[in-house]
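User: Can you walk me through this model? I'd like the layout first, then the odd backbone spots.

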Amino acid sequence: MAQQYAIGVDIGGTNIVAAVVAEDGRVLSRLSTPTEAERGPENGIRRICELVERAESDAEIPSGDVAGIGIGCTGPLDLERGRVINPYTLPTWDDVPLVEAVSNRFGLPVVLLNDCDVAALGEHWVGAGKGTRNMLYITVGTGIGGGIIANGHLYRGVGLTAGEIGHHVIDINGPKCYCGARGCWEMLAAAPAIARAAAEAAQEGSLLLAMAGGNREKITAKLVADAAGRGDPVAGEIMRRTAFYLGTGVANLLNILAPDVVVMGGGVMQSWSLLAPGMMETIRARSGMVPFEHIRIVPAALKLNAGVIGAARALFDHLRGEL
Ligand SMILES: [Zn+2]
């Protein structure tokens, strides 16, 4: 049977990944290369196309069997025009016609989505949200992003921009956010907020500061989690507060969406065992209008492959007219 494969591409600030994915979600081949966005969009597009070709040849499938290419990319993006407008995390990539360039190169259908939406599709297809009808995907890393699966399909919204859950406000008097609001969820609970709080509060002679080589500027969210795990009291308090903020945001979203499952990924959620108890306690206390006991809240399952698998799924959905 022809056209039973799609190529998924995941473009992040650090790496670009390409994979050949079968119609049942299996990954047949996977390759990555450093993004190095500052080398310019033309160079980047050429290397993306080379990566796609190599992934295809590694998978040892006839090229006629590839139905198209799905791309997930760190945003902002102009999704209606298939363009990347992201000089922030992809320096020099300002108004780049990515869909047009890749589809001209291969003569295949190409779709572009934001990185959170493809990860949501991947987790829903073959990951932690498999088999559910309504799913909320949350990624907590440098920022907080989300993807909403409603009735089995990605919920898109006007301009295909839905799911910016990191910018729902938790503290109306909180720190100013680049989006224009104050006290957005990601300003309080994402990795930079954790690192910033620890840099301010780390005490002289503490384990936390020693682990950063005595340099407050070297404190990262990962380091705070490690120090908390090793008993540093300030790091522990910051992680407890992060769990509270995460739980508050998840509870807000449960009250609005009442999904079957919430899947949580991203770097900060690697500290699941440290964050989950406080987060669950907060969610339980603040989601009284929905049946908390019937909603599963689980860590992401696909790790680094969620993006490419979900990008391939987006392509298959697009061809069926279901995206
Ligand atoms: Zn914001």
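Analyst: What follows goes from domains to sheets, a helix pair and some single residues. This is a predicted model: local features need pLDDT of at least 70, side-chain atom pairs count only at pLDDT 80 or more, and totals for chains, interfaces and linings use all residues. Residues are numbered from 1 along each chain as its sequence is written.

User: How is the chain divided?

Analyst: Into domain 1 (5-122 + 304-319) and domain 2 (131-300). The bounds come from an automatic or database domain assignment. The domain centres, taken over C-alpha atoms, are separated by 27 Å.

User: And how many residues are in contact between domain 1 and domain 2?

Analyst: Eight residues of domain 1 are in contact with 12 residues of domain 2. In contact means that C-beta atoms, placed from the backbone, lie within 7 Å. Helix 3 gives the largest share of the domain 1 side, five residues. Helices here are DSSP runs of H or I with at least four residues, strands are E runs of at least two, and both are numbered from the N terminus.

User: What classes of residue are on that side of domain 1?

Analyst: Six nonpolar, no polar and two charged residues. Nonpolar covers Ala, Val, Leu, Ile, Met, Phe, Trp, Tyr, Cys and Pro; charged covers Asp, Glu, Lys and Arg; the others, Gly among them, are polar.

User: Back to helix 3. How does it pack with helix 10?

Analyst: Helix 3 (residues 115-126) packs on helix 10 at about 85 degrees, and the axes are 7 Å apart. Helix 3 is therefore roughly perpendicular to helix 10. The cut-offs are under 35 degrees for roughly parallel, over 145 for roughly antiparallel, 65 to 115 for roughly perpendicular, and oblique for the rest. Axes are lines fitted to C-alpha atoms, for helices over the stretch in contact; angles run from 0 to 180 degrees between N-to-C directions.

User: Which residues meet there, helix 3 to helix 10?

Analyst: The helix 3 side includes Val 118, Leu 121 and Trp 125. The helix 10 side includes Ile 309, Arg 313 and Ala 314. By class, the contact has 10 nonpolar, three polar and three charged residues.

User: Now strands. What does strand 4 pair with?

Analyst: Strand 4 pairs with strand 1 (residues 5-11) in the parallel sense over seven bridges. Strand 4 also pairs with strand 8 (residues 110-114), again parallel, over five bridges. Pairing requires at least two DSSP bridges between the strands. Ile 11 has Cys 73 in strand 4 as its bridge partner. Gly 70 stands opposite Val 111 in strand 8.

User: Is strand 4 covered or exposed?

Analyst: Mostly covered: eight of its eight residues are buried. Buried means 20 or more other C-beta atoms within 10 Å of the residue's own; exposed means 12 or fewer; partly exposed lies in between, with C-beta atoms placed from the backbone.

User: What about the sheet with strands 5, 6 and 7?

Analyst: Those three strands form an open antiparallel sheet in the order 5-6-7. Strand 5 and strand 7 are the edges, each with a single partner strand, so one side of each has no neighbour in the sheet. Two bridges join strand 6 (residues 83-85) to strand 7. Val 84 has Val 96 in strand 7 as its bridge partner.

User: And which strands make up the five-strand sheet?

Analyst: The order is 11-10-9-12-13, open, with mixed pairing. Strand 11 (153-154) and strand 13 are the edge strands, each pairing on one side only. Strand 9 (residues 135-140) and strand 12 (residues 261-265) run parallel, joined by five bridges. Thr 139 stands opposite Gly 265 in strand 12.

User: Backbone oddities next. Where is the cis peptide bond?

Analyst: Between Gly 75 and Pro 76, with omega about 15 degrees. Pro 76 sits in the loop between strand 4 (66-73) and strand 5 (77-78).

User: Which residues other than glycine have positive phi?

Analyst: Asp 95 is one of them, with phi near 65 degrees. Asp 95 is in strand 7 (residues 94-96). Lys 303 also has a positive phi, near 50 degrees. Lys 303 is in the loop between strand 13 (296-299) and helix 10 (306-319).

User: Why do Asp 95 and Lys 303 count as exposed?

Analyst: Asp 95 counts as exposed because it has 12 C-beta neighbours inside 10 Å. Lys 303 counts as exposed because it has 10.

User: Last one: Leu 253. Buried or exposed?

Analyst: Leu 253 is buried, with 20 other C-beta atoms within 10 Å. Leu 253 is in helix 8 (residues 233-257). Leaving aside neighbours within four places in sequence, Leu 253 is in contact with Leu 136 and Ile 165.

Notes. Two residues are in contact if their C-beta atoms, placed from the backbone, lie within 7 Å.
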